[in-house]
Amino acid sequence: MIRVDESTRDDLTRVAGEDMGGASADETIRRLLAEHWQMKAIAAMDAYRATDPEGWGEYVAEADREDRASAPTADAWDEAA
């Protein structure tokens with residue numbers, strides 16, 4: 001159990017109803033925490049790109065190599081034609 005101010009509870013209920021399709025308070029908090037983590041991860045990657053352009057370039061190149069390695073060799077759409 002957590003204690004929150006009544007106005008915070010009302011805001012949470014409003015967000016749950018308007019933006020989360022009527023999710024429970026627990027689910028709404030979980031989603032908001034997940035969004036928060038995603039925003040922190042994006043900010044960290046932005047900071048990495050800005051402070052270490054060379055390292056960022058290496059990271060992007062490696063990710064590209066891994067994407068190519070895991071890509072299918074044939075396009076399924078081509079086989080259907």
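**Why do we call it that?**

Trainee: How do you know that aspartate 11 and arginine 14 are separated by about one helical turn?

Mentor: Count along helix H1: they are three residues apart there, so about one turn of the helix lies between them. Keep in mind that this is a predicted model.

Trainee: What makes aspartate 11 and arginine 14 a salt bridge?

Mentor: Their closest N and O atoms are 4.0 Å apart. The cut-off is within 4 Å, so the pair counts. Asp11 and Arg14 also belong to a network of salt bridges with Glu18.

Trainee: Why is aspartate 11 called partly exposed?

Mentor: Its relative accessible area is 42%. Buried needs under 20% and exposed needs over 50%, so aspartate 11 falls in between.

Trainee: And why is arginine 30 called exposed?

Mentor: Arginine 30 has 52% relative accessibility, and the cut-off is over 50%, so "exposed" is the right word. Its salt-bridge partner is aspartate 26, at 2.9 Å from N to O. That partner comes out at 46%, so aspartate 26 is just partly exposed.

Trainee: Is threonine 28 buried or exposed, and how do you know?

Mentor: Buried! Its relative accessible area is 0%, and anything under 20% counts, so there's no doubt about the label. Threonine 28 sits in helix H2, and beyond its neighbours within four places in sequence its contacts include Leu12, Val15 and Met20.

Trainee: What makes the link from threonine 28 to serine 24 a polar contact?

Mentor: The side chain of threonine 28 reaches the backbone oxygen of serine 24 at 2.8 Å. The limit is within 3.5 Å, so this distance qualifies.

How values were computed:
Residues are numbered from 1 along each chain as its sequence is written. This is a predicted model: local features need pLDDT of at least 70, side-chain atom pairs count only at pLDDT 80 or more; totals for chains, interfaces and linings use all residues. Side-chain values use heavy atoms; hydrogens and water are left out. Helices (H or I, at least four residues) and strands (E, at least two) are DSSP runs, numbered from the N terminus. Buried means under 20% relative accessible area, exposed over 50%, partly exposed in between (1.4 Å probe, protein chains only). A polar contact is a pair of N or O atoms within 3.5 Å; within protein, one must be able to donate a hydrogen and the other to accept it, and residues adjacent in sequence count only if both atoms are side-chain atoms. Contact means heavy atoms within 4.5 Å. A salt bridge is a side-chain nitrogen of Lys or Arg within 4 Å of a carboxyl oxygen of Asp or Glu.
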